[in-house]
Amino acid sequence: TSADDTLICLDLESGKPRWTFFAEGPIRLAPSVDAGRVYFGSDDGSVYCVTADTGRPVWRKRTGPREDRIWGNQHMISVWPVRTSVLVDKGYAYWTAGIFPEEGMFVSRCRADDGSEGWTVKADRPPQGYLLATSDRLFVPTGKTVPSVYARADGRLLGQVSGGREGGSWGLVSPDKASFWFGPGIHGELFGFHARTSAPIGNLAGARSLIVAGGHVYYATDTELVKMRREGLQEVWRRKHAYPNTLIFAGGHLFAGGNGGVAAFDGGGKKVWSAPVDGKVFGLAAADGSLFVSTDDGSIYSFK
C-alpha cells in the first residue's frame, strides 16, 4: 500500500493479515513472488527482498547515488524513487530508480537470491509501470512516452518500441514471448508490436485492457468485450459487456473487472457469473481455485 508504506501478507482463506513489512516510503506497485521470496520497490529508493512465509528481510538495495529525500505526495521520498515493479526471472531481479531526468534515472539488475553481482545503467526516459521481459530483452514502460528496450545481459539500450509519442504505464508480453503490447496512449489506443523486431502488429482504438491467450487476443473497451484471432487480428465476437478496467484468462474462463463489478465469461463471450464490488476493479489474480479482486477504494475480495 502507498498509504502507509507497508507490504501486507494476507491469509488465503480468511483474508486476515499474517505479517506486515514496513518500508520507508510508499509501495506503489504490486510485488513479485518467486521461489518463496517477495520482491518490491518503494519510493524510499530501495528494492527489498523478504521471505514469503514470514516477511523476514533477505536483502535491500538502493540504486540512487545518495540518500537525498524530497517532499512528494505527502511523504518524504527519495530523489530516486522506484516507480516500476521488480521483475524476477531466471535467477535475476530487474528494477529501475529515478523519475527526474536532471537527477539521473537508472535501470538495474542483480542476483535474486542474495542481491549480489549485476549491473546498473542510466535510463533514457523516466521509467514508470510494470517491467516485462522476453528471453533477452527488458521492456520498460515510461508513462506518457513509448517504452524503452534494454538488453537483459548487460543493460545496453536497444531503442524504443516505436517512433511515436504515445505511451502508457501498462504493457504485456504474450506467453510465447512473440508480441508486446502497451498503452493506452493519450488517444485511448493499445499498440501491438513483434517483440523481437519491434515491427507493428496493429493498433486497437478504444481498447482499455488486453490479454493474449493461445491463438486469441481479448480486449475491453468502455462498453464491450472483444475476441480476435492473433493472426491478422480478425474479430471472432463482440459482446456488449462493460468491464473495461482489467482482464485475465484462467481455468478456461475470461475474467473482467469494471466499475463496481467483476464477471466471468466462457470462450463464446457468454457471462457465467458476475458479482458487485465497491469501487473500480483494477487488479485481478487467480490462484488455488480462487479469484482475487482489488479495487480503488482499498478493498480486496476473494471469490471461489
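**Salt bridges in a predicted model**

The structure holds 20 salt bridges. The model is a predicted one. Three of the pairs are described below: E24 with R69, D114 with R111, and D124 with R125.

**E24 and R69**

- The side chains of E24 and R69 form a salt bridge, with an N to O distance of 3.2 Å.
- This pair connects distant parts of the chain, as its two residues are 45 residues apart.
- E24 sits in the loop between β2 (17-22) and β3 (32-34), while R69 belongs to strand β7 (residues 69-72).
- E24 has a relative accessibility of 41% and therefore counts as partly exposed.
- R69 is also partly exposed, because its relative accessible area is 29%.

**D114 and R111**

- D114 and R111 meet through their side chains in a salt bridge of 3.8 Å, N to O.
- D114 has a relative accessibility of 42%, so this residue counts as partly exposed.
- R111, at 27% relative accessibility, is likewise classed as partly exposed.

**D124 and R125**

- In the salt bridge between D124 and R125, the closest N and O atoms are 3.7 Å apart.
- D124 is partly exposed, its relative accessible area being 30%.
- R125 has a relative accessible area of 24% and is partly exposed.

**Shared partners**

- One network joins E24, D44, R60, R62, E67 and R69 through salt bridges that share partners.
- Both E24 and R69, the pair with the 3.2 Å contact, are among the members of this network.

Definitions and conventions:
Residues are numbered from 1 along each chain as its sequence is written. This is a predicted model: local features need pLDDT of at least 70, side-chain atom pairs count only at pLDDT 80 or more; totals for chains, interfaces and linings use all residues. Side-chain values use heavy atoms; hydrogens and water are left out. A salt bridge is a side-chain nitrogen of Lys or Arg within 4 Å of a carboxyl oxygen of Asp or Glu. Helices (H or I, at least four residues) and strands (E, at least two) are DSSP runs, numbered from the N terminus. Buried means under 20% relative accessible area, exposed over 50%, partly exposed in between (1.4 Å probe, protein chains only).
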